[in-house]
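Welcome, and thanks for taking a look. Below is a short tour through two annotated regions, two ligands and two helix pairs.

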Amino acid sequence: MSEDIVFIGCGRITRALVQGLVAAGRPPHTLRGVSRTGAGARVLGAEFGMRVVARAEDAISGAGVVMLAVHPHEAVSALKDIAGAVSTDQLVVSLVASCHTDAVAEALPGPAVVRAVPNVAVAVRTGVTVLSAGPGAGSDELALAEAVFSAVGQVATVPEGMLETVSALSGAGPALTAYFVKALSAAGVAQGLPIATAEVLAAQAIRSTAALLAEEGTTPDDVIDAVASPGGMTEAALFALGERGVPGAVGHALDAAVRLSFGRRITAAAHPVGGS
Ligand SMILES: NC(=O)C1=CN([C@@H]2O[C@H](COP(=O)(O)OP(=O)(O)OC[C@H]3O[C@@H](n4cnc5c(N)ncnc54)[C@H](O)[C@@H]3O)[C@@H](O)[C@H]2O)C=CC1
Ligand SMILES: O=C(O)[C@@H]1CCC=N1
């Protein structure tokens, strides 16, 4: 089995991973892509040198890792498409949100299955990917998955039961954080700043905060303490955020995401995908 990775589905997260892996020095010809119409794979082939393969069976043959990167509502059909092409000595890594590894293993009997929740910052090699061992996956299979994802950011491992919440916090995290940056910038514009100035300052605020938090041992409270002069503007702004229930609103946002995930959950029992 080669070290090649084949991506089934060439949308947004595959793009981010291919960009990050190639930037990390992985030879582009070790990345293969299959997409439903071929268009998504061709774009990544032209941009990053990924190998574009038309038929899933040809793409999967001989690859070490089969990465399933389709939307949850496409997963049952994609699993049917590749059933029969995946062999026992390959590792299946499913990125599909809301899709339990038992459903993947039922559709693809034999190979070990690992579920992974990356975030889009893998594109710039500062992502975080959370792994969970599924059927047949032990320490060797987790180590193989970790070797792939650690090239593009940090890696953690949790039990699969936590992955719905992890997807909401970490997978969606960059979008939730960008939403706050937009709100900060819009608030600056409402106070009279030129839009270009507000956008630069809001984006730099988050870069600065990320850099401070990256310092060993620095917590969010350390950053807050370092900024908020007693009785000053920051305290007034933070008090107003609390008064408007921002922490509660963030909790409500994660709850909405997790509830959606459970509502569309794909499990072997609920959605049998094996057989013909
Ligand atoms: N975008 C993100 O930041 C993250 C996404 N995920 C998960 O990764 C999965 C993919 O997400 P995105 O890339 O954002 O979705 P996407 O919708 O951008 O890409 C999915 C691609 O798969 C293709 N596809 C569908 N069925 C196929 C089949 N049978 N064979 C080959 N290709 C097929 C579609 O044409 C589409 O281009 C989802 O399950 C999502 O929940 C997980 C963590 C983060
Ligand atoms: O929006 C979604 O459903 C996926 C899961 C986490 C990030 N993207």
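## The N-terminal region

Which residues does the UniProt annotation "domain: Pyrroline-5-carboxylate reductase catalytic N-terminal" cover? According to the unreviewed entry, the answer is residues 5-97. Please keep in mind that this is a predicted model. Residues 5-97 are 41% helix and 19% strand, and the C-alpha atoms at the two ends of the span lie 20 Å apart.

## Around ligand 1

Ligand 1 is surrounded by 27 residues, and the closest of them are Gly9, Gly11, Ala78, Ala97 and Gly171. Two elements, helix H1 (12-23) and helix H4 (72-82), each give two or more residues to this shell. H4 supplies the largest share, with five residues. In character, the shell around ligand 1 has 14 nonpolar residues, nine polar ones and four charged ones.

## Around ligand 2

Which residues are found around ligand 2? They are Ala97, Ser167, Gly171 and Ala172. By class, this shell holds two nonpolar and two polar residues, with no charged ones. You may recognise Ala97 and Gly171, which are also listed among the closest residues to ligand 1.

## The region annotated for dimerisation

Let's move along the chain. The unreviewed UniProt entry places "domain: Pyrroline-5-carboxylate reductase dimerisation" at residues 161-259. Over this span the chain is 81% helix and 0% strand, and its end C-alpha atoms are 14 Å apart.

## Helices H7 and H12

Two packed helices are described by the angle between their axes and the distance between the axes. Helix H7 (residues 163-171) packs with helix H12 (residues 246-263) at an angle of about 135°, and their axes are 9 Å apart. At that angle, H7 and H12 are therefore oblique to each other, and their crossing is right-handed.

On the H7 side, the contact involves Glu164, Thr165, Ser167, Ala168 and Leu169, which meet Leu254, Ala257, Val258, Ser261 and Phe262 of H12. Sorted by class, six of the residues in this contact are nonpolar, three are polar and one is charged. Ser167 of H7 is also one of the residues around ligand 2.

## Helices H8 and H9

Helix H8 (residues 173-190) and helix H9 (residues 195-214) pack with their axes 8 Å apart, at an angle of about 140°. H8 and H9 are therefore oblique to each other, and H8 passes H9 in a right-handed crossing.

Which residues of H8 meet H9? Thr177, Val181, Leu184, Ser185, Gly188 and Val189 do, and their partners in H9 include Ile195, Glu199, Leu201 and Ile206. The contact of H8 with H9 divides into ten nonpolar residues, three polar and one charged.

Note on methods: Residues numbered from 1 in each chain as written. Chains lettered and ligands numbered in written order. Predicted model: local features only at pLDDT ≥ 70, side-chain atom pairs only at ≥ 80, totals over all residues. UniProt positions renumbered as here; feature names shortened; annotations may be inferred. Helix = DSSP H or I, 4+ residues; strand = E, 2+ residues; numbered from the N terminus. Near = placed C-beta within 6 Å. Nonpolar A, V, L, I, M, F, W, Y, C, P; charged D, E, K, R; others polar. Axes fitted to C-alpha atoms, helices over the stretch in contact; angles between N-to-C directions. Parallel < 35°, antiparallel > 145°, perpendicular 65-115°, else oblique. Left-handed = near helix turned anticlockwise from the far one by under 90°. Contact = placed C-beta atoms within 7 Å.
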